[in-house]
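User: Please take a close look at one helix of this model and its packing partners. I would like a connected account, with the surroundings added where they help.

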Amino acid sequence: MGQPVASRGRAATPTVGKAMLNKYARAFFTRVLTPFAAYLIRRGVSPDTVTLIGTAGVVAGALVFFPRGEFFWGTIVITLFVFSDLVDGNMARQLGRSSRWGAFLDSTLDRVADSAVFGGFALWYAGNGDNNVLCAVSIFCLASGQVVSYTKARGEAIGLPVAVNGLVERAERLVISLVAAGLAGFHKFGVPGIQWLLPIALWIVAVGSLITLVQRVVTVRRESAEAEAGHPNASQGSGAAK
């Protein structure tokens, strides 16, 4: 589940606030994870292996726990494996490997992990959660997240920079939904009313993803028109699809 702080062979174009957060987060996680990443390298573990294991852990955590309503433990498992992606990025830097394959694998498995998270929510609401509306909202979050990423990747593939920072990108989608899910899980420990945090979060992600999709479509339309008119700012981009 790649993040801008530890992606392999990918660049991002964050806002000033995101840039500041990424700067300090990168420094913090580099200090914390470098020794562990170095240990894995000494043991002969490759960054790709860590990426695959991390994704498998996220998928298992989401599809084993969430459909049963075990949101707290599911979030704990997912969070532990999310850090594996920060580790693989650290390993790649230590090894001096910033490959197109690594970037492709990270981005592809990010989509798999995202689908598992929101798919887990949908399965819960389609089953014991017994709420067709929230099941539909979860499916919309899953689908819109994929389309939001696709719009950026497709725009860049046709030579446009897609220079826009959407309202709710991948990091925001995951943080909002997983934090809410983890807190909602305290309902099983006797905390009243807290289970409503997850539905609220899903609606926020759904609306935010829709706004982000519109932002990107409008940006690609504008950049496409500028490129066809020979505008100097319409140059090819190379950012990450988030």
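Analyst: What follows is centred on helix H4 of a predicted model, with its two partners, the loops around them and some buried residues.

The setting comes first. The protein chain contains seven helices and zero strands, so that the order of elements from the N terminus on reads α-α-α-α-α-α-α. Of its 242 residues, 46% count as buried. The exposed surface of the protein chain is about 11,900 Å², and 68% of that is supplied by carbon and sulfur atoms. Taking contacts in the protein chain between residues at least 6 apart in sequence, 81% join residues at least 24 apart.

H4 covers residues 100-126. It has 27 residues, and the distance from its first C-alpha to its last is 39 Å, close to the 39 Å expected at 1.5 Å a residue. The helix is mostly covered, with 19 of its 27 residues buried. Two of the helices that pack against H4 are H5 and H3.

Two packed helices are described by the angle between their axes and the distance between the axes. For H4 and H5 (residues 132-157), the axes come within 7 Å and the crossing angle is roughly 170 degrees. That angle makes H4 roughly antiparallel to H5, because angles over 145 degrees count as roughly antiparallel. On the H4 side the contact is made by Arg111, Asp114, Ser115, Phe118, Gly119, Phe121, Ala122, Tyr125 and Ala126. H5 contributes Asn132, Leu134, Cys135, Ser138, Ile139, Cys141, Leu142, Gln146 and Ser149. Sorted by class, the contact of H4 with H5 holds ten nonpolar, six polar and two charged residues.

The second partner is H3, residues 71-95. Here the axes are 13 Å apart and the packing angle is about 175 degrees. H3 and H4 are therefore roughly antiparallel to each other. The contact is made by Phe71, Ile78, Asp85 and Asp88 of H3, together with Asp106, Val117, Phe121 and Trp124 of H4. By class, the contact of H3 with H4 has five nonpolar, no polar and three charged residues. Phe121 of H4 appears in the contact with H5 and also in the contact with H3.

H3 itself has 25 residues and reaches 37 Å between its first and last C-alpha, close to the 36 Å expected at 1.5 Å a residue. Within helix H3 lies Asp88, one of the residues in the contact with H4. Asp88 has a relative accessible area of 0% and is therefore buried. Its C-alpha is 9.4 Å from that of Asp106, and the two residues are 18 apart in sequence. Asp106 belongs to the H4 side of the H3 contact. After H3 comes Gly96, whose phi is positive, near 70 degrees.

The loops that follow H4 and H5 each hold a residue with unusual backbone geometry. Most residues other than glycine have a negative phi. Asp130 has a positive phi of about 50 degrees although it is not a glycine, and its place is in the loop between H4 and H5. With 65% relative accessibility, Asp130 counts as exposed. Val162, in the loop between H5 and H6, also has a positive phi, near 50 degrees, and is a residue other than glycine. Val162 is buried, at a relative accessible area of 0%.

Further along the chain, the loop between helix H6 (170-184) and helix H7 (197-228) contains Gly185. At 4% relative accessibility, Gly185 counts as buried. Not counting residues up to four places away in sequence, Gly185 touches Phe71 and Phe72. Phe71 is also one of the H3 residues in the contact with H4. Gly185 and Gly74 are 111 residues apart in sequence, while their C-alpha atoms are 8.9 Å apart in space.

H7 can be checked in the way used for H3 and H4. The end C-alpha atoms of H7 are 46 Å apart, which agrees with the 46 Å that its 32 residues should span at 1.5 Å a residue. Just after H7, Gly230 takes a positive phi of about 80 degrees.

To return to the helix in question: H4 is roughly antiparallel to H5 and H3 is roughly antiparallel to H4. The axes come within 7 Å for H4 and H5 and are 13 Å apart for H3 and H4.

Definitions and conventions. Residues are numbered from 1 along each chain as its sequence is written. This is a predicted model: local features need pLDDT of at least 70, side-chain atom pairs count only at pLDDT 80 or more; totals for chains, interfaces and linings use all residues. Side-chain values use heavy atoms; hydrogens and water are left out. Axes are lines fitted to C-alpha atoms, for helices over the stretch in contact, and angles run from 0 to 180 degrees between N-to-C directions. Helices (H or I, at least four residues) and strands (E, at least two) are DSSP runs, numbered from the N terminus. Angles under 35 degrees count as roughly parallel, over 145 as roughly antiparallel, 65 to 115 as roughly perpendicular and the rest as oblique. Contact means heavy atoms within 4.5 Å. Ala, Val, Leu, Ile, Met, Phe, Trp, Tyr, Cys and Pro count as nonpolar, Asp, Glu, Lys and Arg as charged, and the others, Gly among them, as polar. The expected span of a helix is 1.5 Å times one less than its number of residues. Buried means under 20% relative accessible area, exposed over 50%, partly exposed in between (1.4 Å probe, protein chains only). Accessible areas come from the Shrake-Rupley method with a 1.4 Å probe; for residues, only the protein chains shown count as cover.
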